[in-house]
Amino acid sequence: MKQLKPNHKWFLCIEPGGCLDDEEFVIQAKSLDEARTDASMWNASVIRELDNSEVS
């Protein structure tokens, strides 16, 4: 399991790639707003917050 930074949460993001090439990835952020800002650097969107058990 990846190490979660203190006071951070996991967020599932998606980067549109066209057709069937959408790429999902996980980021760490302190809040949903921070996650959205970070994801926007990759032209991605935050789908939802993940539970620790969902991250491997």
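Strands here are DSSP runs of E, at least two residues long, numbered from the N terminus. I'm working from a predicted model.

**Sheet.** I started with the strand pairing. β1 and β2 run antiparallel to each other and share seven bridges. I looked up K9 and found its bridge partner in β2 to be A29. Then I went through the whole sheet: three strands, order β2-β1-β3, open, with antiparallel pairing. β2 and β3 (45-50) are the edge strands; each has a single partner, so one side of each lacks a neighbour in the sheet. I also checked the twist, and neighbouring strands are turned by 30° against each other on average, ignoring direction.

**Helix.** Next I asked myself which strands α1 touches as it packs on the sheet. I get contacts to β1, β2 and β3. Against the direction of β2, that of α1 makes about 130°.

**Core.** I pulled out the largest nonpolar core, which has nine residues: F11, C13, F25, I27, A29, A35, A39, A44 and V46. At least two residues each come from β1 (9-15), β2 (23-29) and α1 (32-40). β2 gives the most, with three. So A29 turns up twice in my notes, as a core residue and as the bridge partner of K9. General reminder to self: nonpolar side chains in soluble globular proteins tend to be buried together.

**F11.** Last, I listed what F11 contacts, skipping neighbours within four places in sequence. Its contacts include F25, I27, A29, A35 and V46, and these five are listed in the core too. I also noted V26, S31, L32, R48, E49 and L50 as contacts of F11.

Terms used: Residues are numbered from 1 along each chain as its sequence is written. This is a predicted model: local features need pLDDT of at least 70, side-chain atom pairs count only at pLDDT 80 or more; totals for chains, interfaces and linings use all residues. Side-chain values use heavy atoms; hydrogens and water are left out. A nonpolar core is a set of buried Ala, Val, Leu, Ile, Met, Phe, Trp, Tyr and Cys residues joined through side-chain atoms within 4.5 Å. Buried means under 20% relative accessible area, exposed over 50%, partly exposed in between (1.4 Å probe, protein chains only). Helices (H or I, at least four residues) and strands (E, at least two) are DSSP runs, numbered from the N terminus. Contact means heavy atoms within 4.5 Å. Two strands pair if DSSP finds at least two bridges between them. Axes are lines fitted to C-alpha atoms, for helices over the stretch in contact, and angles run from 0 to 180 degrees between N-to-C directions.
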